[in-house]
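Subject: Structure handover and findings

Dear colleague,

Please find below the structure that I promised to pass on to you. I suggest keeping it open on your screen while you read the notes that follow.

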Amino acid sequence: MSLVVLKLGGSVVTDKDEPETVDDAGLAAAADAVASLAETGQVVVVHGGGSFGHHHAAEHGVSSESGTDNARGIRAIHDAMKDLNDAVLDALADRDVAALPVHPLSAGAREKDGSLSLSLSATEAMLDEGFVPVLHGDVISHAEKGATIVSGDDLVVSLASGLDADRVGLCSTVPGVLDTDGDVVPEITAFEDVSDALGGSDSTDVTGGMAAKVQKLLALGAPAHIFGPDGLSAFVAGESPGTVVRGE
Ligand SMILES: Nc1ncnc2c1ncn2[C@@H]1O[C@H](COP(=O)(O)OP(=O)(O)OP(=O)(O)O)[C@@H](O)[C@H]1O
Ligand SMILES: C=C(C)CCOP(=O)(O)O
């Protein structure tokens with residue numbers, strides 16, 4: 001059975017400029033897409049932080065690089081992400097998708113050099129039992145830094161390689177990676193091809209926006225599609241909307 005890893009960008013499922021606000025229409029469209037995918041194969045969903053994780057992370061001075069040892073702060077970030085995860089799980093349950101949470105804070109850690117080790121046992125067991133695991137960007141223990149932010153994009157890379165995914169999709173608000181003229185770049189095979197056009201995020205974002213996303217996906221070694229909400233149905237249909245990032 002084919003396995004798809006799909007990331008729902010925080011900018012799709014939340015209103016990224018309004019703290020802790022779900023984008024109901026964006027979430028509904030994304031949940032419809034997951035429901036369609038789950039009818040024909042296995043799906044692992046990952047969602048980003050949007051206005052739930054990034055605001056709390058910025059407030060506590062935590063990013064992918066800067067850590068904290070303040071347990072209350074760590075819990076505030078994690079609790080906000082669990083709230084968003086609940087909203088995603090509810091939207092999927094409303095569509096009869098057997099979705100279950102996997103919280104990275106309790107399933108992984110980062111080494112001193114930032115490399116992520118994520119246990120896949122819960123996710124694999126859920127897939128074997130016919131469930132749809134739903135992970136999320138989170139705060140996670142980091143050797144000698146306390147805890148830092150793990151982006152949903154990092155999780156996608158670990159999951160896609162560890163589970164040997166057949167297809168990888170990242171749905172953001174932009175229709176793909178845009179060049180300096182604002183046109184979608186159909187294919188990226190090297191960071192230098194697009195580095196001039198790549199920036200961070202338009203909103204509060206502690207994990208690096210599009211530049212970090214492309215860099216991580218180039219390291220994946222399997223093609224990954226970046227597209228906007230309008231590309232969701234094409235991705236579900238097996239097409240290649242937006243930009244495909246092909247690593248080595
Ligand atoms: N060349 C580019 N092409 C497309 N988007 C770009 C580019 N440079 C910067 N961006 C910005 O990258 C952002 C998308 O990355 P971002 O990390 O915010 O997305 P996301 O994954 O949907 O959200 P989250 O990180 O909350 O999950 C957009 O805000 C966009 O403006
Ligand atoms: C800010 C937090 C907690 C998660 C960030 O995940 P991302 O939005 O996928 O980068």
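Before we look at the ligands, one term is needed: a polar contact is a pair of N or O atoms within 3.5 Å. Please also keep in mind that what you see is a predicted model, so all the values below were computed from that model.

Ligand 1

With that cut-off in hand, we can begin with ligand 1, where a backbone N or O atom of Leu178 lies 2.9 Å from a nitrogen atom of the ligand. The protein covers 91% of the 630 Å² of accessible area that ligand 1 has on its own. Three elements give two or more residues each to the shell around this ligand, namely helix 1 (10-13), helix 3 (50-59) and helix 7 (209-218), and helix 7 gives the most, with three residues.

There are 24 residues around ligand 1, and those that come nearest are Gly10, Ser11, Lys16, Ala197 and Lys213. For Gly10, a backbone N or O atom lies 2.7 Å from an oxygen atom of ligand 1, while for His54 an N or O atom of the side chain is 3.5 Å from an oxygen atom of ligand 1. Sorted by class, the shell of ligand 1 holds six nonpolar, 13 polar and five charged residues.

Ligand 2

Which residues are the closest to ligand 2? Of the 13 residues that surround ligand 2, the closest are Lys7, Gly49, His54, Gly152 and Thr207. You have already met His54 beside ligand 1, and here an N or O atom in the side chain of His54 is 2.8 Å from an oxygen atom of ligand 2. A polar side-chain atom of Lys7 also lies 2.8 Å from an oxygen atom of ligand 2, and a backbone N or O atom of Gly152 lies 2.7 Å from an oxygen atom of this ligand. The protein covers 97% of the 320 Å² of accessible area that ligand 2 has on its own. Helix 3 and helix 4 (71-93) each supply at least two residues of the shell around ligand 2, and by class that shell has three nonpolar, eight polar and two charged residues.

The chain as a whole

Stepping back from the ligands, you can trace eight helices and twelve strands in the protein chain. The radius of gyration of the chain is 16 Å, close to the 18 Å that the globule rule gives for 248 residues, so the chain is as compact as a globular protein of that length. Along its principal axes, the C-alpha trace spans about 45 × 45 × 35 Å, and buried residues make up 52% of the 248 residues. Among contacts between residues at least 6 apart in sequence, 73% join residues at least 24 apart. The accessible surface of the protein chain comes to about 10,600 Å², of which 45% belongs to carbon and sulfur atoms.

A closer look at Thr148

Finally, is Thr148 buried or exposed? Thr148, which is found in strand 8 (residues 146-150), has 0% relative accessibility and therefore counts as buried. The side chain of Thr148 makes a polar contact with the side chain of His142, at 2.8 Å. Leaving aside residues up to four places away in sequence, Thr148 touches a number of others, among them Val62, Glu65, Arg110, Asp138 and Ile140.

With best wishes

Terms used: Residues are numbered from 1 along each chain as its sequence is written. Chains are lettered from A and ligands numbered from 1 in the order in which they are written. This is a predicted model: local features need pLDDT of at least 70, side-chain atom pairs count only at pLDDT 80 or more; totals for chains, interfaces and linings use all residues. Side-chain values use heavy atoms; hydrogens and water are left out. A residue is near a molecule or strand if one of its heavy atoms lies within 4 Å of it. A polar contact is a pair of N or O atoms within 3.5 Å; within protein, one must be able to donate a hydrogen and the other to accept it, and residues adjacent in sequence count only if both atoms are side-chain atoms. Accessible areas come from the Shrake-Rupley method with a 1.4 Å probe; for residues, only the protein chains shown count as cover. Helices (H or I, at least four residues) and strands (E, at least two) are DSSP runs, numbered from the N terminus. Ala, Val, Leu, Ile, Met, Phe, Trp, Tyr, Cys and Pro count as nonpolar, Asp, Glu, Lys and Arg as charged, and the others, Gly among them, as polar. The radius of gyration is taken over C-alpha atoms; the globule rule is 2.2 Å times the number of residues to the power 0.38. Buried means under 20% relative accessible area, exposed over 50%, partly exposed in between (1.4 Å probe, protein chains only). Contact means heavy atoms within 4.5 Å.
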